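Colleague: Before the individual residues are discussed, I should like to hear how the terms are applied to this model. Please set each value against its definition.

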Amino acid sequence: MPDELLRPTIGASVDMSARPWRLMSQTYVAFFGGVIATTVIAFLNARRLGVGLDKRRLILAVGAAGMVLSAVVIRLLATDDSSGLRVAIRIVAVACCLLQLRLQRPMDRAFQLRGSDYGSLWGPGLAAVFGCGLLEVVLLAAVAGAL
């Protein structure tokens with residue numbers, strides 16, 4: 001009879017073929033790409049880590065709230081000085097990223113205990129920054145134009 005105490009339980013249901021990305025690397029994507037880019041990366045990474053469906057939905061909800069907050073920031077700071085507006089939108093994106101990282105952290109700690117290496121975020125990160133960042137600029141410009 002096998003002893004339940006000695007049976008490994010960390011990561012029993014996690015697919016190890018797709019390695020997750022480092023959590024703090026996602027903040028670069030948030031700063032340079034915005035809320036949509038960091039939400040896409042956080043959602044994909046959460047799936048790679050084996051985060052539950054409820055927390056992955058919460059990651060998407062945080063991203064949606066971040067986009068709404070970005071639209072509110074544009075509405076409040078709509079002036080001729082766009083540098084302050086860009087800084088405020090980047091602050092919103094990084095704040096959303098930090099909340100999303102908090103949701104991923106428990107499963108990331110379990111991944112670290114397995115002793116595996118992280119995957120590279122360079123390719124997906126750059127794709128998210130340019131692709132999703134452009135989408136976010138277009139959406140926020142539409143919001144600013146509607147004002």
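Modeller: A residue counts as buried when its relative accessible area is under 20%. By that rule, buried residues make up 37% of the 147 residues in the protein. The model is a predicted one.

Colleague: How many helices and strands does the protein have, and in what order do the elements run?

Modeller: There are 5 helices and 0 strands. Read from the N terminus, the order is α-α-α-α-α. Among contacts between residues at least 6 apart in sequence, 78% join residues at least 24 apart.

Colleague: Why is C132 called buried?

Modeller: The relative accessible area of C132 is 16%, and the limit for a buried residue is under 20%; therefore C132 is classed as buried. C132 belongs to helix α5.

Colleague: Which residues are in contact with C132, leaving aside its neighbours within four places in sequence?

Modeller: They are G33, I36, A37, V40 and A127. In addition, the C-alpha atoms of C132 and T38 are separated by 8.8 Å, although these positions lie 94 residues apart along the chain as a separation in sequence.

Colleague: What makes W122 exposed?

Modeller: Exposed residues have a relative accessible area over 50%. W122 has 66%, so the residue is exposed by that cut-off. W122 is also placed in helix α5. Its C-alpha atom is 9.8 Å from that of W21, and the two residues are 101 apart in sequence.

Colleague: Why are A144 and L69 called partly exposed?

Modeller: Partly exposed covers the values between the buried limit of 20% and the exposed limit of 50%. A144 has a relative accessible area of 38% and L69 has 43%, so both residues are partly exposed.

Colleague: Where are A144 and L69 found?

Modeller: A144 is in helix α5, whereas L69 is in helix α3. The C-alpha atoms of A144 and A78 are 7.5 Å apart, with 66 residues of separation along the chain. For L69 and I89, which are 20 residues apart along the chain, the C-alpha separation is 8.6 Å.

Colleague: How do you know that R56 has no salt bridge?

Modeller: A salt bridge needs a side-chain nitrogen of Lys or Arg within 4 Å of a carboxyl oxygen of Asp or Glu. The nearest side chain of opposite charge to R56 is D54, at 7.3 Å. That distance does not meet the 4 Å limit, and therefore R56 has no salt bridge. R56 is nevertheless buried.

Colleague: Where does R56 lie, and which residues is R56 in contact with beyond its neighbours within four places in sequence?

Modeller: R56 lies in helix α3, which spans residues 53–76. The contacts are with F43, A46, R47 and V51.

Colleague: Which residues lie nearest the centre of the largest pocket, and which elements give two or more residues to its lining?

Modeller: The lining has 17 residues, and R86, I89, E136, V137 and L140 lie nearest the centre. Two or more residues each come from α1 (26–33), α4 (82–114) and α5 (122–146). The largest contribution is that of α5, with 6 residues. The space in this pocket is about 350 Å³.

Colleague: How is the lining of the largest pocket divided into nonpolar, polar and charged residues?

Modeller: The division is 11 nonpolar, 3 polar and 3 charged.

Colleague: What is the volume of the second largest pocket, and which residues are closest to its centre?

Modeller: The volume is about 280 Å³. Of the 14 lining residues, S25, Y28, V29, L121 and W122 are the closest to the centre.

Colleague: Which elements supply at least two residues of the lining of the second largest pocket, and how is that lining divided?

Modeller: α1 and α5 each supply at least two residues, and α5 gives the most, with 4. The lining of the second largest pocket comprises 9 nonpolar, 4 polar and 1 charged residues.

Conventions. Residues are numbered from 1 along each chain as its sequence is written. This is a predicted model: local features need pLDDT of at least 70, side-chain atom pairs count only at pLDDT 80 or more; totals for chains, interfaces and linings use all residues. Side-chain values use heavy atoms; hydrogens and water are left out. Buried means under 20% relative accessible area, exposed over 50%, partly exposed in between (1.4 Å probe, protein chains only). Lys and Arg count as positive and Asp and Glu as negative; His and the chain ends are not counted. Contact means heavy atoms within 4.5 Å. On a 1 Å grid over the protein atoms alone, a cavity is a set of points where a 1.4 Å probe fits but cannot get out, and a pocket is an open set with protein on both sides within 12 Å along at least five of seven lines; lining residues have an atom within 4 Å of a point. Grid points are joined across faces, edges and corners, and a volume is the space filled by probe spheres set on the points. Ala, Val, Leu, Ile, Met, Phe, Trp, Tyr, Cys and Pro count as nonpolar, Asp, Glu, Lys and Arg as charged, and the others, Gly among them, as polar.
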